[in-house]
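Colleague: Could we go through the aromatic rings in this one?
Modeller: Gladly, here it is.

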Amino acid sequence: MASTTTRDSFHSRLGFILAAAGAAIGLGNIWGFPTQAANNGGGAFLVVYLIVTFLLALPALYAEIYIGNQAQTNPVSALTKACGERFKKIGHGAGIIGIIGAIMMLSFYTIVAGWMLAHALASIAQLLGLADIAQWLSTSSTLRNIVFTPIFIVLSATIVHQGVHGGIERWSARLMPLLLVMLLGLIVYILQQDGAQTGLTLYLQPDFSQITEPTLIVSAMGQAFFSLAIGVGAMMAYGSYIPKDKNLGGLVISITLLDTFIAFIAGLLIIPALFVAQHGGQEVFADGKLIGKAQLIFNILPTLFSSMGTGGLLVSFAFFALLAIAALTSTISSTELPVAYLVEDKQMNRKRATWIISTIVFVASMLLIAFFDQLFGLVIQILTTILQPLMSLFYFIVVGWIWQRGNKLTNLATLKAQPKLKLLGFYLRFICPVLLLIVFVHVAFQQ
């Protein structure tokens, strides 16, 4: 294992926040959150989402980053160390499961990211009068998947192999502001279109009678939890790259606020856009529910943008480029997790480790493409409804119950001197596991 003195690291607080927020901010924030909001009462969903984000998702994020930060090593070694001699095999196994989860996530996420890039280029092709190429780029096919999926794998690998500071921190500092500027620009444009105000009203004026709806509460809890990319160890890896005990609470709050802000303003874009499309005569809702995520994002919105003329095609390019950037910031973090393991525990140089992991992801992605109908949905379901919540539950158990030596949250002398830390320890130990089990039971067995 590499010593902490030779490890790469983030060089600034802002760099860590942007990188960690980039890991959390992905297609789930910019598309998943607005879709959930539109399906679950608009403003009512937003209110509940904000509440459960800070009740559950933030503590879960803290637990994951805290383990990595205290261990100052990759998640496999961090969990092995935290679980002590008695449970070290369980800790090591959990770390390996996290790596498998990261590769699973990359195998389907890079495919979806490729779709976003293809649709962005389709808008440019249409602007240039290349109708046949635009049609191919905007139509789902195995060949398109084979062409565009490796592009994202290579993009992520190119950034990760440059290191934590030279690659991840530097590119996060570029991509995150670009994502924000593009998102705000699109919001300004969409809100000027006919029908947008109806969507804005639905989103920002909650019907408080719906706030106690059980389905809405649990849906918001699940969205808040999963939107922060908790449960595969990527945040644990990032936490290990900042100095030990460096105001983790403030850093975690900053990441959560930025992630939540992006989700909130994504709602300001997507929900009004749906009503603009509806105002233009497109069918968006059936029985009060959206007609399906895939159809909405790849048919309704591109059709809406095309109807706006040349300006609309430019907006379409910006929209799908925005989603591609959001996907890239997430794939970077998931690639770093197994790379860090190979570098530190297997003494492999970073460049070789990066391309080995990228090759594994490529093979896994090609398998999903070859057996798309059988595997694609299954892999997503296993990861998001089983592996992520169970791994996060394990992190809470480690922090609250198993980890003794070096854990501030179980050290009696430390807790006696810091009452606030004692309250946090109690919350992570007892309250969070119960809340998480509620989410797991709902998502795994009721959806």
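Modeller: A term to settle beforehand is burial: a residue is buried under 20% relative accessible area, exposed over 50%, and partly exposed in between, with a 1.4 Å probe and protein chains only. This is a predicted model, in which local features need pLDDT of at least 70 and side-chain atom pairs count only at pLDDT 80 or more, while totals for chains, interfaces and linings use all residues. Residues are numbered from 1 along each chain as its sequence is written, and side-chain values use heavy atoms, leaving out hydrogens and water.
Colleague: How many aromatic pairs does the count come to?
Modeller: The count comes to 19 aromatic pairs, where rings of Phe, Tyr and Trp (its six-membered ring) pair if their centres lie within 6.5 Å, and planes under 30 degrees apart are stacked, over 60 edge-to-face and the rest tilted. The ring centres of Phe372 and Phe376 are 4.5 Å apart with planes at 15 degrees, so this pair is stacked.
Colleague: Is Phe376 buried or exposed?
Modeller: Phe376 counts as buried, at 10% relative accessibility, whereas Phe372 is partly exposed at 25%.
Colleague: And how are the rings of Phe426 and Phe430 arranged?
Modeller: Their centres are 5.0 Å apart and their planes at 45 degrees, so Phe426 and Phe430 form a tilted pair. Phe426 is partly exposed, with a relative accessible area of 46%, and Phe430 is partly exposed too, at 37%.
Colleague: Switching topic, which ring does Arg429 lie over?
Modeller: Arg429 lies over the face of Trp401, 3.7 Å from the ring centre; the rule asks for NZ of Lys or CZ of Arg within 6 Å of the ring centre and within 35 degrees of the ring normal.
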